[in-house]
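Let's take a walk through this one, starting from the inside and working outwards. Have the viewer open and follow along.

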Amino acid sequence: MSDTNRKKLLEVNRLSVDFHSNEGRIQAVRDVSFYIRTGEIIGVVGESGSGKTVTTSSMLGWITNAPGIVSGKITYYDEDEQPDVLVNVTSDKSKSNSPGKIISEYDLNKKFKEIRKKDITMIFQEPKRYLHPYWTVEKHFAETIKGKSKEGLYEASKPYLETVGLSIKNIWMLFPHNLSGGMNQRLMISLALSRNPRLLIADEMTTGLDVTTQVKISDMLSKLIADAEDENRAIVLISHDIAFVIKIVNVLMVMYAGDIVEFGPAHLFYDEDQEDNHPYTNALLDVFYGRSKKAIEGDVPSSVNPPAGCPFRERNCKIYDENHEKIGRLCETSRPKKYFPNGDKGHWVRCHKFITKPWSNLVSD
């Protein structure tokens with residue numbers, strides 16, 4: 001699918017999410033903006049605590065149960081690209097303890113629920129937590145595909161199970177505890193597909209599975225991705241494993257400490273020359289390409305009292321060390337702005353190293 005044929009599906013603008021805790025206010029997501037178009041398969045990568053799941057949960061209106069304090073704007077576009085604003089909350093930065101407001105209004109939750117029911121589906125890790133232990137496979141499909149006779153439900157469910165490599169006749173009357181972890185994961189995927197969603201979100205779907213099952217699910221995803229381009233569908237894969245994601249997505253979003261530090265076409269990350277990538281992205285890719293067998297030095301900074309400036313500077317940031325006199329003060333005091341490394345409008349990076357490049361490459365705060 002060419003870029004001209006892609007349609008807007010969902011847009012997130014300046015989203016921030018905080019939580020209250022005994023230690024103080026947790027800044028889980030910090031002012032992130034991105035978009036999703038049909039035919040795109042977006043990989044969201046980053047270490048645990050980077051904000052991946054909180055960001056996608058916000059897109060689905062699930063932060064209310066935490067409860068989370070949300071600010072920003074989330075817009076969903078229907079098949080005619082008509083916008084439907086789901087969230088539009090401006091933060092009051094003059095009140096440090098109130099960056100937004102709790103999304104709990106009945107009408108807003110109802111709007112999210114309708115969108116989720118019709119067009120957006122999420123596949124969770126640890127499927128046994130979300131599959132009903134006392135429902136057979138047949139019952140799970142009966143609750144998903146409504147209005148069918150027994151025979152009609154069987155026939156309607158069969159292709160979805162076959163897509164994920166499950167034999168309907170062997171598992172139709174079984175319960176989740178009768179199935180392996182990999183089979184339950186594939187069952188979750190088939191149930192999600194049976195809703196025919198325009199946006200499919202998969203959160204750490206291969207975590208805890210053996211390598212053989214991971215390969216099977218990866219192969220299955222490759223087929224779904226090919227279908228997604230033909231069916232005007234988009235897929236979001238959330239993972240800490242860049243080696244798994246980078247092989248099957250066409251857009252990569254790298255998150256660190258609640259922020260998006262890089263966003264762009266996946267092919268830009270295949271080349272071993274990564275001068276125009278974020279240092280954190282390069283640290284992840286070093287492991288993927290075998291250039292480093294060590295974990296990234298240091299820890300993700302606290303989300304309760306995040307440091308001023310660039311949150312990555314205190315870890316293995318060679319850019320910061322080598323250019324301390326030139327950009328050190330910025331790294332210590334200022335959040336990096338967004339830059340187009342090579343004028344490519346689809347690729348931006350948050351890193352002070354681009355301060356030496358023309359200011360025309362600047363995107364925004």
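**Starting in the core**

Go first to the largest nonpolar core, which has 96 residues; Leu 10, Phe 141 and Leu 199 have the most contacts inside it. Keep in mind that you're looking at a predicted model. Click on Leu 10 and skip its neighbours within four places in sequence: what's left in contact with Leu 10 includes Tyr 35, Ile 36, Met 59, Ile 74, Tyr 77, Ile 120 and Leu 199.

Now zoom out. The protein chain has 365 residues, and 51% of them count as buried. Its secondary structure adds up to eleven helices and 13 strands. Look at contacts between residues at least 6 apart in sequence, and 65% of those join residues at least 24 apart.

Next, find the largest pocket, with about 620 Å³ of space. Its lining has 21 residues, and the closest to the pocket's centre are Thr 121, Met 122, Thr 144, Leu 191 and Arg 195. Helix 2 (106-118), strand 7 (120-123), helix 3 (137-144) and helix 6 (181-193) each bring at least two residues to that lining. Sorted by class, the lining comes out as eleven nonpolar, four polar and six charged residues.

So how far can you trust all this? The chain's average pLDDT is 82, and 87% of the residues score at least 70. Among the elements, helix 5 (residues 168-171) has the highest mean pLDDT at 96, while strand 6 (residues 101-102) has the lowest at 46. Across residues 92-104 the pLDDT is below 50, yet this stretch has 31 contacts in the model beyond near neighbours in sequence. Where pLDDT is low, don't read the predicted coordinates in detail.

Terms used: Residues are numbered from 1 along each chain as its sequence is written. This is a predicted model: local features need pLDDT of at least 70, side-chain atom pairs count only at pLDDT 80 or more; totals for chains, interfaces and linings use all residues. Side-chain values use heavy atoms; hydrogens and water are left out. A nonpolar core is a set of buried Ala, Val, Leu, Ile, Met, Phe, Trp, Tyr and Cys residues joined through side-chain atoms within 4.5 Å. Buried means under 20% relative accessible area, exposed over 50%, partly exposed in between (1.4 Å probe, protein chains only). Contact means heavy atoms within 4.5 Å. pLDDT is the predictor's confidence in each residue, from 0 to 100. Helices (H or I, at least four residues) and strands (E, at least two) are DSSP runs, numbered from the N terminus. On a 1 Å grid over the protein atoms alone, a cavity is a set of points where a 1.4 Å probe fits but cannot get out, and a pocket is an open set with protein on both sides within 12 Å along at least five of seven lines; lining residues have an atom within 4 Å of a point. Grid points are joined across faces, edges and corners, and a volume is the space filled by probe spheres set on the points. Ala, Val, Leu, Ile, Met, Phe, Trp, Tyr, Cys and Pro count as nonpolar, Asp, Glu, Lys and Arg as charged, and the others, Gly among them, as polar.
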